[in-house]
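Open the structure in your viewer and keep the selection tool at hand. We will go from stop to stop, and at each one you will hear what to select and what is there.

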Amino acid sequence: MSSPHYLITSISNSGSAPENSFRKLQNAGACPSAPYGEMFKLEVPSLMVGTLDSLMNLSDELGKTDSIIESIVRKVEKSSVELAGKKGTELTVGGVPATRYIQQFAWDYAKYPNRRPLKELVTLISSGVSAIDEELKQLSNSYGDKLASLADAKRKRGGNLTTVDLNDVLEDKVVKNLKMFDTEYLKTVFVAVNKGQVETFEKEIYVLGGELVGYGGPDWSRMPNGLGQPQNFGSQVDRHQKKGSPVVPGSLEKVMEDADSVLYTVTVLKGMYEAGYYEGEEFVPGTKINLLEAFSKILREKRYAVRENFTYDPSQQGKSAMRMEQLQVEVDNMRSGLTRWCKTHFGEAFVAWMHIKVIRVFVESVLRYGLPVDFTAVLYKVANGKEGMLVDALDKTFGETVKGDDAEDEEEYHDFVLIKFDP
C-alpha cells in the first residue's frame with residue numbers, strides 16, 4: 001500500500017476569525033461537494049519573525065534543508081527495510097504511525113523552543129538530523145565490513161582447494177611426507193590448479209618464469225689466464241646472459257585433490273642477489289630481487305591459485321569453522337542493533353522533517369500575507385488521484401495559478417501558500 005500524499009495550505013485570515021478561514025478551506029476541497037481529500041487543522045506556533053531580509057534568505061535555505069532532511073529520512077527507512085526484509089514492521093514516529101503523527105501534529109516546544117531566532121531553530125533541527133545521517137553511515141559501514149568478513153569466511157570454508165583454509169583439509173600424516181623448505185634461499189609454496197589445467201601445469205611448471213633468474217657471469221673463455229684470479233669486471237658483465245626458472249628441478253609434488261582442483265607443492269628460489277661492482281673508483285652496491293613474488297605473479301596470470309601466505313599449523317584445524325560461527329553471531333547482533341537504531345532514529349528524523357515543514361509554512365505565510373502574523377494553515381490528506389483537482393479547487397476559491405514567464409520555468413505560483421508533503 002502506497003503512502004498517502006499531503007498538501008499543506010495556508011490562507012490569510014484578513015482580520016476575521018480563524019474559524020472562518022478553516023471553513024473556507026474545508027468547503028474548497030474537503031466537503032461532500034468537493035471530495036478531494038480529508039482536512040486537518042495544522043498547529044503553527046508563534047515563531048520569531050526577525051527582519052524581512054532574514055525571512056527571504058531563510059525561505060531559500062528552507063527548501064534545501066527540507067530536501068536534505070527528507071533524503072536522510074528515506075535513507076533510514078530504506079536501511080530498516082533492507083535489514084528487516086519480509087519480517088519488517090511499520091516504522092513509527094513517537095510510537096504511532098507516521099500518518100497519525102502528521103494528522104495530529106503538535107509542536108515540540110521542549111525540543112524546539114519557539115522563541116529562538118528562526119535561523120538558530122533551523123540550524124538546531126538540521127544539525128540533529130545531520131548527526132543521525134553521520135551515525136547511520138558509520139554503523140552501515142561497520143555492518144557492511146562484518147558482512148564481507150562473514151561472506152569471505154563462508155567462501156573459504158565451503159570452497160574448493162583454491163580458496164578453502166588448507167589447515168582444515170590437510171592431514172598431518174600427508175604434510176609429514178612432503179619435502180617442505182622455508183630457508184634463507186628456498187621456499188615451498190602450495191599451488192591449487194583447476195582439473196582442466198592439470199596437464200598443462202605439470203608440463204610447464206619447470207619452465208615458468210624462465211626469464212627471472214640470471215646465471216650469467218664473466219666470460220672466462222676470452223681470458224683463461226685470469227680464471228680464479230681477482231678481477232674487476234665492473235658493469236661489463238652480463239649477469240643475465242643465461243636465464244632460467246626459479247623452480248627447483250624435481251620439487252613438484254601432488255598433495256591432494258577434490259572434485260574441482262588439485263593441490264601441489266613446489267619449491268622455488270626466494271630471491272637472487274646481483275653482486276655490486278665498481279664504476280671507476282666508486283662501488284655500486286648490489287641488489288636483491290624477490291623471485292618468489294615475481295614467480296607468484298606469473299602463476300596468477302596463468303590462473304593457478306598460489307597459496308603463498310599459507311603456513312601449515314595443525315593447531316588451527318577447525319578454527320575457521322569457529323570463526324565463521326562467531327562472525328555469524330556478530331552479524332546477527334549488529335543487524336538487530338542496527339534495526340532497533342533505525343526504528344528509533346526514523347522517528348527522530350521524521351519529527352525534525354515535520355517541524356521544518358511547519359517552519360516553511362510560517363515563513364512563506366509571513367512573506368506572502370505580511371505582518372501582523374494572521375493566517376490559518378491546514379493539512380489535506382489527498383484522495384487517490386485527486387491532487388490536481390484539489391489544487392484547481394483551491395485556485396478557483398482563493399485565486400489564480402500563475403506560471404513563470406520563462407518557458408523552462410515550470411514552477412507554479414498560487415495566491416496562497418501551498419507545500420507538498422509526501423512522507
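The tour below begins with confidence and then visits sheets, helices, aromatic rings and two single residues.

**Stop 1: colour by confidence**

Please remember throughout that this is a predicted model. Colour the chain by pLDDT to begin. The chain averages 87, and 90% of the residues score at least 70. Where is confidence lowest, and where is it highest? Select residues 402–403, which make up strand β18: here the mean drops to 58, the lowest in the chain. Then select strand β17, residues 375–382, where confidence is highest, at 96. A word of care for the weaker parts: where pLDDT is low, predicted coordinates should not be read in detail.

**Stop 2: the sheet around β17**

Stay with β17 and show its neighbours. β17 belongs to an open sheet of 4 strands in the order β4-β17-β1-β20, paired in the antiparallel sense. At the edges stand β4 and β20 (417–421); each has a single partner strand, so one side of each is left without a neighbour in the sheet. On average, neighbouring strands of this sheet are turned by 25° against each other, direction ignored.

Now select β1, residues 5–12. Its antiparallel pairing with β17 runs over 8 bridges, and Ile11 has Thr376 in β17 as its bridge partner. On to β4, residues 37–41, which pairs with β17 over 5 bridges, also antiparallel. Look for Lys41, which stands opposite Val378 of β17.

Is β17 mostly covered or mostly open? Show the surface to see: 7 of its 8 residues are buried. Two helices lie across parts of this sheet. Select α1, residues 18–29: this helix lies across β1, β4 and β17, at about 25° to β17. Then add α8, which lies across β1, β17 and β20 and runs at about 165° to β20.

**Stop 3: aromatic rings**

Show the side chains of Phe, Tyr and Trp next. How many aromatic pairs does the structure hold? There are 12. Zoom in on Tyr101 and Phe105: their ring centres are 5.9 Å apart and their planes stand at 90°, so this pair is edge-to-face. Tyr101 is buried, with a relative accessible area of 14%, and Phe105 is buried too, at 5%.

Move to Phe346 and Phe350 for another pair. Here the centres lie 5.7 Å apart with the planes at 40°, so the pair is tilted. Both residues belong to helix α8 (residues 319–369); being 4 residues apart, they are separated by about one helical turn. Phe346 counts as buried at 4% relative accessibility, as does Phe350 at 2%. To see the wider group, select Tyr6, Tyr101, Phe105, Phe346, Phe350, Trp353 and Phe421 together: they form one aromatic cluster.

**Stop 4: helix α2**

Select residues 52–84, the 33 residues of helix α2. How does the span of α2 agree with what its 33 residues should give? At 1.5 Å a residue, the helix should span 48 Å; the C-alpha atoms at its ends are 47 Å apart, which agrees. Just after α2 comes Gly85, with a positive phi near 65°.

**Stop 5: a second sheet**

Next, display β10, β11, β7 and β16. In that order they make an open sheet of 4 strands with antiparallel pairing. The edge strands are β10 (253–257) and β16 (305–306), and each pairs on one side only. Between β10 and β11 (residues 261–269), the antiparallel pairing covers 4 bridges. Add helix α7, residues 291–301: α7 lies across β7 (186–194), β11 and β16, at about 150° to β11.

Then pick Thr265, found in strand β11. Its bridge partner is Glu253. Thr265 counts as buried, at 0% relative accessibility. Its contacts beyond four places in sequence include Leu178, Phe190, Leu252 and Val255.

**Stop 6: a loop residue**

Finish at Asn160, in the loop between α4 (118–158) and α5 (172–176). Is Asn160 buried or exposed? With a relative accessible area of 18%, Asn160 is buried. Leaving aside residues up to four places away in sequence, Asn160 touches Asp258, Asp260 and Ser261. For a last distance, pick the C-alpha atoms of Asn160 and Lys187: these residues are 27 apart along the chain, and the two atoms are separated by 24 Å.

Definitions and conventions:
Residues are numbered from 1 along each chain as its sequence is written. This is a predicted model: local features need pLDDT of at least 70, side-chain atom pairs count only at pLDDT 80 or more; totals for chains, interfaces and linings use all residues. Side-chain values use heavy atoms; hydrogens and water are left out. Helices (H or I, at least four residues) and strands (E, at least two) are DSSP runs, numbered from the N terminus. The expected span of a helix is 1.5 Å times one less than its number of residues. pLDDT is the predictor's confidence in each residue, from 0 to 100. Two strands pair if DSSP finds at least two bridges between them. Contact means heavy atoms within 4.5 Å. Axes are lines fitted to C-alpha atoms, for helices over the stretch in contact, and angles run from 0 to 180 degrees between N-to-C directions. Rings of Phe, Tyr and Trp (its six-membered ring) pair if their centres lie within 6.5 Å; planes under 30 degrees apart count as stacked, over 60 as edge-to-face and the rest as tilted. Buried means under 20% relative accessible area, exposed over 50%, partly exposed in between (1.4 Å probe, protein chains only).
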